[in-house]
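The exercises that follow are meant to be worked with the sequence and the 3D view side by side. Try each task before reading its solution.

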Amino acid sequence: VQQWAVTFGKEIAALSNKYSGAKLLQKKYKDVEGVVKMEEVNGEELVKKFAEEMEEMLGRKMKSVKRLAEAAEDADLGHEYNETLEFDYFNSLLINTVDEEGNPVPLGGEFLLEENEHFNKLPVNTQQSNIQVPTNVYNQPDIVNGVYMSEALNDVFIDNFQKDPTLTWQYFGSSTGFFRLYPIQWIPDENGVVTFDCRNRNYIQAATSPKDVIIVVDVSGSMKGLRLTIAKHTINTILDTLGENDFVNIIAYSDYVRYVEPCFKGMLVQADLDNREHFKLLVDELQVKGEGKVKKAMKESFKVLNEVLGQGSLCNQAIMLITDGAMEDFKDVFEEFNWPERRVRVFTYLIGREMTFAENVKWIACNNKYYTHVSTLADVQENVMEYLHVLSRPMVINHDHDIIWTEAYMDSVLQLFNTQAQSLLLMTSVAMPVFSKKEETLSHGILLGVVGTDVALRELMKLAPR
């Protein structure tokens, strides 16, 4: 055995010499031995220098975003809302599009777009930003006024890019739904539908403080058919507004209360991408049956939020109740768990056209300041987004301009690239909320939107010493 081991060891050594290139390296070293020197490297100093360079780079990004936020707030302060305002802006869906006679279409405009290496070889015009409006958002007065006001950001976009050429996309995501993007044009999906909504993007986390959310959904027999479909879509839309700084759980109720994920019973879990997608799969499998008894579900929700203190986000707490009506009176639950402080916000989403058992749900709204009626799938997006305004009000009133860095994500814009390999680019966003500074709105806490810029993680890695 010993002799075999010796022989085997020699063979391994021979193989390693042959395939590791050890002899080649030795030869190359001898060729340059006279002109090279060995130097000890201080690892701690290397890391410190790397950290300083990274801090400086990220600091430049934050300064750019602060300039955008200040410019947007000043522009809104100087803009007087006009219900009949008419303003032609450049819609990214229509840029360089012509009609049958070869003339630019309305809201289109003609621009020279050149492939830019810095913007991943996409056709861009660095002298202009444009507007993207989702298909489900209409060209209403709020949009037109917001777009007109945000024209002031064009010069800031350009100035930021000149001061920091490493900047990529800069943007203003309005709370009304439009998206001002510099400098790249937007391309719709193959059906010509723009499903992208900036209010669902990661940087919407900048609009609210971290939050603990329990979604309570009615799965009783009356929720069958379209109502259940609307309820599921509402849950998924709420999940899309959450991020890694938030914590969540979902409770379904009929005759009894159950957690959609039994492993998460009695707790809150981080609303990261994996958990959100896991919840969506479980929600998709929900079936309706029995009678809806919401009292037990509400009691369970309050208990979880009361008991997780020190484990969740330690900030906002909210219960999202999704139901077609509550037949039982549960005032005593609120008295026991949420009065008089009303620490937990309760948002009620009444599903369906009929209002048969709406009184008790309306009572929740009257005592917790939030109620919405969701009768069609088209209503879901706008109604869900309203809760963000409610939770952002303390920040807006106090003018807490917190800068946030989002979790790393794959940028959906990059799906436009020619190859799959190019599309898999990890990004992070630095974002900041934009508030109304008008005197008449200060007590209402009006959130105008979010400004931000994207940073490719590969840009950070370029700073790393070899």
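Two residues are said to be in contact when heavy atoms of theirs lie within 4.5 Å, and this is the sense in which packing is used below. The model is predicted, and the first exercise therefore deals with confidence.

**Exercise 1. Find out how confident the prediction is along the protein chain, and which helix has the lowest mean pLDDT.**

Solution. Begin with the whole chain, where the mean pLDDT is 79 and 77% of the residues reach 70 or more. Next, go through the elements: helix α12 (residues 420–423) has the lowest mean pLDDT, 44, whereas helix α7 (residues 273–284) has the highest, 94. Then look at residues 412–423, over which the pLDDT is below 50, although in the model this stretch has 17 contacts beyond near neighbours in sequence. Where pLDDT is low, the predicted coordinates should not be read in detail.

**Exercise 2. Give an overview of the protein chain: how many helices and strands are there, and what percentage of the residues is buried?**

Solution. The secondary structure consists of 13 helices and 16 strands. Of the 466 residues in the protein chain, 48% are buried. As for the contacts with a separation of 6 or more, 73% of them join residues that are 24 or more positions apart.

**Exercise 3. Decide which parts of the protein chain the buried residues of α4 pack against, and examine Asn145 as an example from this helix.**

Solution. First, establish how covered the helix is: seven of the ten residues of α4 are buried, namely Ile143, Val144, Asn145, Gly146, Val147, Met149 and Ser150. Second, follow these buried residues to their partners, which are α3, β3 (130–132), α5, β4 (170–174) and β5 (179–182). Third, take Asn145, which lies in helix α4 and has a relative accessible area of 3%, so that it counts as buried. Apart from neighbours within four places in sequence, Asn145 is in contact with His79, Glu80, Tyr81, Asn82 and Leu85. Finally, the C-alpha atoms of Asn145 and Phe87 are separated by 8.2 Å, while the two residues stand 58 residues apart along the chain.

**Exercise 4. Classify the pair formed by the rings of Phe87 and Tyr148, and then do likewise for Phe172 and Phe178.**

Solution. The structure holds six aromatic pairs, and two of them are treated here. In one of them, the ring centres of Phe87 and Tyr148 are 5.1 Å apart and the planes stand at 85°, so the pair is edge-to-face. Phe87 belongs to the loop between α3 (43–77) and β1 (114–116) and Tyr148 to helix α4 (residues 141–150), so the pair ties together parts that are 61 residues apart in sequence. Phe87 is partly exposed at 22% relative accessibility, and Tyr148 is partly exposed at 41%. For Phe172 and Phe178, the centres are 5.9 Å apart and the planes are at 65°, so this pair is also edge-to-face. Here Phe172 is buried, with a relative accessible area of 1%, and Phe178 is buried at 0%. A further group to locate is the aromatic cluster of Phe157, Phe161 and Tyr182.

**Exercise 5. Determine how α3 and helix α5 are oriented to each other, and repeat the analysis for α6 and α7.**

Solution. The axes of α3 and helix α5 (residues 153–163) come within 10 Å and cross at roughly 165°. Angles over 145 degrees count as roughly antiparallel, and α3 and α5 are therefore roughly antiparallel to each other. Their crossing is right-handed. The residues that make this contact are Ser64, Arg67, Leu68, Ala71 and Ala72 on α3, and Leu153, Val156, Phe157, Asn160 and Lys163 on α5. Buried residues of α5 include Leu153, Val156 and Phe157, and the buried residues of this helix pack against α3, α4, β4 and β5.

Turning to the second pair, helix α6 (residues 226–240) and α7 have axes 10 Å apart and pack at an angle of about 175°, which makes α6 roughly antiparallel to α7. The contact is made by Lys232, Ile235, Asn236, Leu239 and Asp240 of α6, together with Arg276, Phe279, Lys280, Val283 and Asp284 of α7.

Note on methods:
Residues numbered from 1 in each chain as written. Predicted model: local features only at pLDDT ≥ 70, side-chain atom pairs only at ≥ 80, totals over all residues. Heavy atoms only, no water. pLDDT = per-residue confidence, 0-100. Helix = DSSP H or I, 4+ residues; strand = E, 2+ residues; numbered from the N terminus. Phe/Tyr/Trp six-rings, centres within 6.5 Å; stacked < 30°, edge-to-face > 60°. Buried < 20%, exposed > 50% of the residue type's maximum accessible area, 1.4 Å probe, protein only. Axes fitted to C-alpha atoms, helices over the stretch in contact; angles between N-to-C directions. Parallel < 35°, antiparallel > 145°, perpendicular 65-115°, else oblique. Left-handed = near helix turned anticlockwise from the far one by under 90°.
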